[in-house]
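Trainee: I would like a close look at one part of this model, the strand pairing close to the start of the chain. Please go through it step by step and then place it in the rest of the chain.

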Amino acid sequence: MDFVELEAIEGLRWSWNSWPISKSESSALIIPLSIMSNPLMQFNELPILNYDPVICSQCGAVLNPYARVDYVSRIWNCPFCYRKNPFPRSYLGINENNVPAELFPTYSTVEYHLGKKGLIQNPNSSSNFGNVSMLSKMPSFSSLDWAGYVLGPAFVFVVDACTSDEELRVVKNELLHVIAQLPETALVGLVVFDSMVRVHDLGFGECCRVVMFHGERELSSEQTKQLLGIHHVKYQAGKVPMAPKQGFLIPLSEGEFSITSAIEDIQSSAQVMQGHRPFRATGVAVSVAVGLLEGCLVSAGSRIMIFTSGPATIGPGMIVSSDLGNAIRNHRDIGNGYAAYYKKSSEFYKQISIRLSNSSIALDLFACSLDQVGAAELRAPVESSGGFMMLTESFDSDQFRKCLRHIFSHDEAGNLKMCLDATVEIVTTKDVKICGALGPCVSLQKKNGSVSDKEIGEGGTYTWKLGALTNKTCIAFFFEVGDEQKAQPSSAFFIQFITHYRYGNTGIRKRVTTAARRWVGNHSPEIAAGFDQEAAASVMARLAIHRAESNFSQDVVRWLDKCLIRFASKFGDYIQEDPSSFRLATNLSLFPQFMYYLRRSQFIDVFNSTPDEAAFFRLLLNREGVVGSLIMVQPTLFQYSFEGPPIPVLLDICSVSPDVILLFDSYFYVVIHYGSKIVQWRKLGYDKDPSHDSFRKLLEAPEIDAEQLVSERIPVPKLIKCDQHSSQARFLLAKLNPSVTHNSTYTEGKELIFTDELSLQVFIEHLQTLAVQG
């Protein structure tokens, strides 16, 4: 079974592709029943339907290829609840030769373009079901009708004025570039902060006018709206709600000049007292920006984008005092309770997360600093809202420019390529229960008969909210078998994912993916045959970092080890008490290796990383798909030599050799490692000698491949070029399996690693010994 091919069709990776019919048997699988879902995965051919979906009147499932249809009486049987539903009038012309696209067997995923409100039926689609367009032929609809104008989405830029002149100049230039790329219907607001927070009144044309907020005062949403002078108009039945008149969030078409002028006029206030950090009120700035969007009734999706160059030092959300004599918290401080501001700031930002979710706002963080900025505390609102986080050393870098411009990229039709205000709903057959989700989403606490009492991550619901998502966003959903299992082996069960979102400045869309798998009998060999070890490793990685939020690293490693031992004991083929007889089937054999690299990765072992870095790594792992997750856990290593084309080699110290070049990809950084002989030849200038053209090509090949890796990935990884035995080589050596150490029998000329850590070989030997004990 090729799970990659299935993913290309469904956008799903299942940890188990055959599910046992009993709850007890499914619980004994150790790896939970789970699906890695990419709700907006990019397909080669995605059917675009310009009419409303047909929905089951009982369970809410959308008409799909697995429904049984009676063309004579024009009734369809829902495969989820078995309800008989009549087709709407617009389907009068259906028959065996005129089938709506959503019933095509090959269309397990379809997308509905619902128009301006997402409720109006397309009158031209009533009888012509062949009218299926592809993604490049998308219609353009308005996203929000506000006071007679077509407006949305909304963007509030929150800029740190404590940034140095040179760095601030780069930020302003990039913001001006972004403004030039926005559609005229976009709403824009500007907040600038240092020790005070200034909200610019962009609608006031006489002069530069701002409303000031004190950086140490925590304000509620209502207080913010009151101070900004935003007053709601009471709604009347049957009338379109009108947004309050204000000048803090204005359409680009009406105030582009004032917006660009306000950005250009931002001045740096980087001068500080000697021995002190700048006074930054990051928390109040974020809170005020959220209050602004809440007050302006933005319902077309919105983003708050923070550009900061240092830690918050005053007010709610502060992580350290301004006195440089007080160091910023580290992992030990947080674990021992010595981080004075950590708990209070985390609680503050958790409340911000709730407000963001209620108002469909995504929070993005662009932190460019040599020091920590408070990303660990800010992770909760950024991750739960589906926002973007980038940590780098300087705004004046390709990493910052590429990331920001990527967010505001456009599709072929010129529409803003941005998906906002999304919900993901799951419909299941009655024997499948939903436990929860791990990823950039928030539970909406909507319950029905398919929701399990057992909660994993964001649970207790069948619907989740995302402020923003991309075609790379991946969420892990967890399931269990129901208590009253009446299904028969070989019978099918179904799971449907319904993703509702706003696409940039065009309108509302709904993507529906319906997947089917089969029940199998208890202890059936089909269970192990349907195990996807790559998807399972990605799921276990998410579960591990979820546990790491509330447990020590050693406890998480111990939990991983116990799970792996039980897994190997259950699915291994061995003679009791004989470790040498232990074998795992081909589709299970790499799973222990993935777990070995996971337990020693930066996601679990936070030694030598700051809380901000750990938060950044975990946030990205929690939204990346299966392939990207595996690269993070077990990086790839390619060898370039004179003997032939590049070949993948083991992630092992034995792969390091003087006469080869290694290309190492750990997702967050890409390393080109030159062997010592290669370095000598390069210093002698052989690459410039026409008679050594093959050497020149050898040097160029990894650089070309590395540039391609860097250009295709967001956030942009750091590119490192290093020589064997140089200090920068540590980026590679730290990730290699230490099969040869200072304790090994030394062989002259071989590379070794100075460590007491277990090698993969010793780890597997210990696993085999423990697994065969029964």
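Trainee: Which residue in strand 3 stands opposite R13?

Mentor: The residue opposite R13 is M36 in strand 3. Before going further, note that this is a predicted model, in which local features need pLDDT of at least 70 and side-chain atom pairs count only at pLDDT 80 or more, while totals for chains, interfaces and linings use all residues. Residues are numbered from 1 along each chain as its sequence is written, and side-chain values use heavy atoms, leaving out hydrogens and water.

The contact between R13 and M36 belongs to an antiparallel pairing of strand 1 (residues 12-14) with strand 3, joined by three bridges. Strands here are DSSP runs of E with at least two residues, helices are runs of H or I with at least four, and both are numbered from the N terminus; two strands pair if DSSP finds at least two bridges between them. Strands of a sheet pair through backbone hydrogen bonds, either parallel or antiparallel.

Strand 3 also pairs with strand 25 (residues 475-481), in the antiparallel sense and over five bridges. M36 takes part in this pairing too, with A476 as its bridge partner in strand 25. M36 thus has R13 across from it in one pairing and A476 in the other.

Strand 3 itself spans residues 33-37, and five of its five residues are buried, that is, under 20% relative accessible area with a 1.4 Å probe and protein chains only (exposed is over 50%, partly exposed in between). L33, I35 and S37 point one way from the strand, S34 and M36 point the other way, and all are buried. Over the whole chain, buried residues make up 57% of the 774 residues.

Strand 25 leads to a record. An unreviewed UniProt entry annotates residues 420-520 as "domain: Sec23/Sec24 beta-sandwich"; such annotations may be inferred rather than shown by experiment. That span is 64% strand and 0% helix, with its end C-alpha atoms 39 Å apart. An aromatic cluster is formed by W14, W19, F479, F493 and W519. For such rings (Phe, Tyr and the six-membered ring of Trp), a pair needs centres within 6.5 Å; planes under 30 degrees apart count as stacked, over 60 as edge-to-face, and the rest as tilted.

The structure holds 40 aromatic pairs. In one of them, F531 and F567 have ring centres 5.2 Å apart and planes at 40°, so the pair is tilted. F531 lies in the loop between helix 11 (525-529) and helix 12 (533-548) and F567 in helix 13 (residues 553-571), so the pair ties together parts 36 residues apart in sequence. F531 counts as buried at 1% relative accessibility, and F567 counts as buried at 0%. The same UniProt entry type, unreviewed, labels residues 532-629 "domain: Sec23/Sec24 helical". This span is 60% helix and 9% strand, and its end C-alpha atoms lie 14 Å apart.

Another antiparallel pairing occurs in an open sheet of three strands, ordered 5-6-7. Its edge strands are strand 5 (68-70) and strand 7 (84-86), each pairing on one side only. Strand 6 (residues 75-77) runs antiparallel to strand 7 and is joined to strand 7 by three bridges, with I75 opposite P86.

In total, the chain has 20 helices and 34 strands. Its C-alpha trace spans about 80 × 80 × 60 Å along the principal axes.
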